[in-house]
Amino acid sequence: MERIARRQQRIWVLQALFEANFRNLDASQTLANLIEREPDAAKADYTQKLIPLVIENLEEIDSKIEQFSKDWRIDRMAKVDLCILRMAIAEMLYIDDVADSVAINEALEIAKEYSTEKSAKFINGILGAFSKSLEEKQEEIK
């Protein structure tokens, strides 16, 4: 079976989350629509794991975005940027085999390709602050 790169899978997740945001879809419908457009996504385990993680934990993820986005409400953010943030924060919170630095780097690369250079800086600021807070929590536990 052909291995699908995680970058490609993250791009599919971004596209699916973008659609779900506008159409208010649940995780299963979002996945079904993605697979209809991109049949290879049916073989993409990471995609099938990440989409439900984001959609089912949207309230917690969005609260983290609001907490670390200084003076920016979620409803004012560019939708692509918001979807990228949601995806990266879900990776950082719920997926143990992805280092925070990898989630952040992937988010920035995808932002540069699908959004703007300013967006990448905005996303980096939020994700960097969030990552730092996670590190501080880990230090408190030790």
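Let's start with the overall build: the chain has 7 helices and 0 strands. Keep in mind that what you're looking at is a predicted model. If you walk along the chain from the N terminus, the elements read α-α-α-α-α-α-α. How compact is the chain? Its radius of gyration is 15 Å, close to the 14 Å that the globule rule gives for 142 residues, so the chain is as compact as a globular protein of that length. Along its principal axes, the C-alpha trace spans about 40 × 35 × 25 Å.

Now for what's inside and what's outside. Of the 142 residues in the chain, 46% are buried. On the outside, the chain exposes about 8,100 Å², with carbon and sulfur atoms supplying 47% of that area. The fold also brings together residues that sit far from each other in sequence: among contacts with a separation of 6 or more, 67% are between residues 24 or more positions apart.

Next, the middle. In soluble globular proteins, nonpolar side chains tend to be buried together. Here, the largest nonpolar core has 48 residues, and Leu-50, Ile-65, Ile-123 and Leu-127 are the ones that touch the most other members. Which helices supply this core? At least two residues come from each of α1 (6-23), α2 (27-37), α3 (45-56), α4, α5, α6 (100-114) and α7. The helix that gives the most is α5, with 9 residues. Zoom in on Leu-50 and, leaving out residues up to four places away in sequence, you'll find it touching Val-13, Met-87, Ala-90, Glu-91 and Ile-95.

Two other residues are worth a stop. Find Thr-30 in helix α2. Is Thr-30 buried or exposed? Its relative accessible area is 0%, and buried means under 20%, so Thr-30 is buried. Not counting residues up to four places away in sequence, Thr-30 touches Ala-16, Ala-20, Leu-25, Ile-51 and Ile-55.

The second stop is Arg-10, in helix α1. With a relative accessible area of 3%, Arg-10 is buried too. Leave aside its neighbours within four places in sequence, and Arg-10 is in contact with Tyr-46, Met-87, Glu-91, Val-98, Val-102, Glu-106 and Ile-110. You can also see the folding at work by comparing Arg-10 with Ala-107: they are 97 residues apart in sequence, yet 8.7 Å apart in space, C-alpha to C-alpha.

Let's finish with the aromatic rings. The count comes to 3 aromatic pairs. One of them is Trp-72 with Phe-122: the ring centres are 5.4 Å apart and the planes are at 65°, and over 60 degrees counts as edge-to-face, so that's what this pair is. The pair links distant parts of the chain, as Trp-72 lies in the loop between α4 (58-68) and α5 (79-94), while Phe-122 lies in helix α7 (residues 117-141), 50 residues apart. How covered are the two partners? Trp-72 is partly exposed, with a relative accessible area of 35%, and Phe-122 is partly exposed at 22%.

Trp-72 has another partner as well. The charged end of Arg-76 sits over the Trp-72 ring, 5.2 Å from its centre. You can find a similar arrangement elsewhere: the charged end of Arg-6 sits over the ring of Tyr-46, 3.9 Å from the ring's centre. Tyr-46 should ring a bell, being one of the contacts of Arg-10.

Methods
Residues numbered from 1 in each chain as written. Predicted model: local features only at pLDDT ≥ 70, side-chain atom pairs only at ≥ 80, totals over all residues. Heavy atoms only, no water. Phe/Tyr/Trp six-rings, centres within 6.5 Å; stacked < 30°, edge-to-face > 60°. Helix = DSSP H or I, 4+ residues; strand = E, 2+ residues; numbered from the N terminus. Buried < 20%, exposed > 50% of the residue type's maximum accessible area, 1.4 Å probe, protein only. Lys NZ or Arg CZ within 6 Å of the ring centre and 35° of its normal. Rg over C-alpha atoms; globule rule 2.2 N^0.38 Å. Contact = heavy atoms within 4.5 Å. Areas by Shrake-Rupley, 256 points an atom, 1.4 Å probe, with all protein chains shown as cover. Core = buried A, V, L, I, M, F, W, Y, C linked by side-chain atoms within 4.5 Å.
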